[in-house]
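Colleague: I would like a close look at one part of this model, the surroundings of the ligand, with the contacts described atom by atom where that is possible.

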Amino acid sequence: LAPGETVDLTNCEREPIHVPGSIQPRGVLLAVSEPDMVVRQVSRNLADVVGVAWDDALGRPLAEVVGIAPADAIARSASAFGDLRERNPVELILDCDGTPCPVDAILHRVSHAGISADLPSASTLVVELEPAYGPRPFSFPNTYQAVRGTITDLNRASSLQELYDITATAVRTLTGFDRVMVYRYDADYNGEVVAEAKLPELNSFLGLHYPASDIPAQARALYEKNWVRLINDVTYTPSRLEPVDLPATGQPLDLTYSTLRSVSPIHCEYLQNMGVAASMSISLLRDDKLWGLIACHHYTGPHAPPYATRAAAEFLGSTLSLRLVDRTEDEEHRRALRVRSTMAWLTAAALDEERPLTETMLGRPGLLDVVPADSVVVHLQGSTGGAGIPLAPEVTAALAAWVADQDGDVVSTDRLPLVAPQLDVPGGLVCGVLALPLAEGQYVIWTRTEQVHSVDWGGDPHNKAIAEREGDGIRLSPRKSFDRWRETVRNRAEAWAPAELAEAGELRADLLEALYARSRRVARTAI
Ligand code: BLA
């Protein structure tokens, strides 16, 4: 921390997690310049997998470091047509002092475009080598076999909950983690555990909520690009990259797409506070935006599913996302069609000038079919009326006066007692207000009643982090307790959906037209 800098959660968001300068030591990393295939940067633990000391490897051709046949296989994969990452892992056999050592090579390319015009090489090939233990779990055809049954189940699922449950169970079977959760964000990036598959003896996290700051913004941005991360041992000691900067660029190597990227030490501490020994998470995306994560925990010790298993789990995550998008779009489409036909009917009926506009709007179908609410009150062309739960006249008058004071064509809140405590309106009865102010004191006002509900948090969300003295400085550490903490939410109604607000706006335009047509007719008859 710089002198005078304050400690708060924005510190978490400032940690540049894509350039940690080190990796997790379950594998080794070599950064190779292209096209000459010379090793330019390596992790200090290189000898653990390759048998060559890190300082002996720098400046040498890749073939001299990993062997001719493995280097050939890497070069072939790197130069083949199409997306390099789709061919991962490249299965290699290294020669470890005469013993064959099976290794998964995971390749990606970091382009130097835009850094400087006169760089010695245009791109760096990042080669990550993970020892492959036991038999190879999946070649590509086998990966398909492993997930095919689940895909069929996902296609047949009839509810969102079923989609979540199938995914959690399948990812647990595939990867062997003790607990697998589907974690879904709300609009503010607070998250809720909506499905869980776990060892029977573990206590359940289902239904628990976690604050947005548990996964800071820059981490979410990174997870929109790289869809899986594994921390196979939360107590690992990072292995540094040497030299610190990639010589070609004079900058630290960007590890956004690396599989061994060393993760934030604060997050490792968080996991240890939670009792977790190994963690993996898979991004769930909709239109390239994160809507949630599949979060996996292991408790008894390190856990490292091989790369191909992680890739298969990622595939299940993207299938879940696709099915979910299909399903929500279907439901939204059907709802929008229903509302549209009601609005068309109301607009046509409003042309019948023999019938008071108030009566038309409050009939069936009527305003409560356009926007679902507990009650609606209208004041149009001098007549007042309502539908749904009746509101006392003084309540209606107070609401109308408040609405008239607000700006905008569509006025809305889902927490009236909090935004307008001065109003003498029974809070339980009217918490949500959606109103269309019209000319000359005319209005349409929908209301929703209070929905008292409780939210169970995984730890008190007000204690998101603890600032601790450490020598001269202050260190931020994550909260220590994850015990269930129940919050009771009052003074809130069910929120007005963005589509409902938009449709109310359209209805306002239709009403203004009907009012205008009627006023002209009144004027004509007067002449
Ligand atoms: C990252 N935080 C994460 C990740 C998860 C969570 C899933 C992704 C990395 C992984 O797969 O482990 C949070 N994990 C959860 C939650 C549950 C879970 C909510 O299992 C619920 C069951 N975190 C803090 C504070 C800070 C913080 C105070 O609580 C900052 C000071 C930071 N979390 C933090 C950072 C990362 C992170 C920086 C990114 C780690 C990385 O990828 O480098």
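How far from an oxygen atom of the ligand does a backbone N or O atom of S264 lie?

Modeller: This is a predicted model, in which local features need pLDDT of at least 70 and side-chain atom pairs count only at pLDDT 80 or more, while totals for chains, interfaces and linings use all residues. Residues are numbered from 1 along each chain as its sequence is written, and side-chain values use heavy atoms, with hydrogens and water left out. A polar side-chain atom of Y223 lies 2.6 Å from an oxygen atom of the ligand, and a backbone N or O atom of D214 is placed 3.0 Å from a nitrogen atom of the ligand. For the contact you ask about, the distance from a backbone N or O atom of S264 to a ligand oxygen atom is 3.0 Å. The protein covers 99% of the 890 Å² of accessible area (Shrake-Rupley method, 1.4 Å probe) that the ligand has on its own. Turning to the shell around the ligand, the elements that give two or more residues to it include the helices α8 (217-225) and α9 (265-273) and the strands β14 (278-286) and β15 (289-298), helices being DSSP runs (H or I) of at least four residues and strands runs (E) of at least two, numbered from the N terminus. Of the 30 residues around the ligand, each with a heavy atom within 4 Å of it, those that come nearest are C12, Y223, S279, S281 and H297. By class, the shell holds 19 nonpolar, six polar and five charged residues, where Tyr and Cys are among those that count as nonpolar, Asp, Glu, Lys and Arg count as charged, and Gly is one of the polar residues.

Terms used
A polar contact is a pair of N or O atoms within 3.5 Å; within protein, one must be able to donate a hydrogen and the other to accept it, and residues adjacent in sequence count only if both atoms are side-chain atoms.
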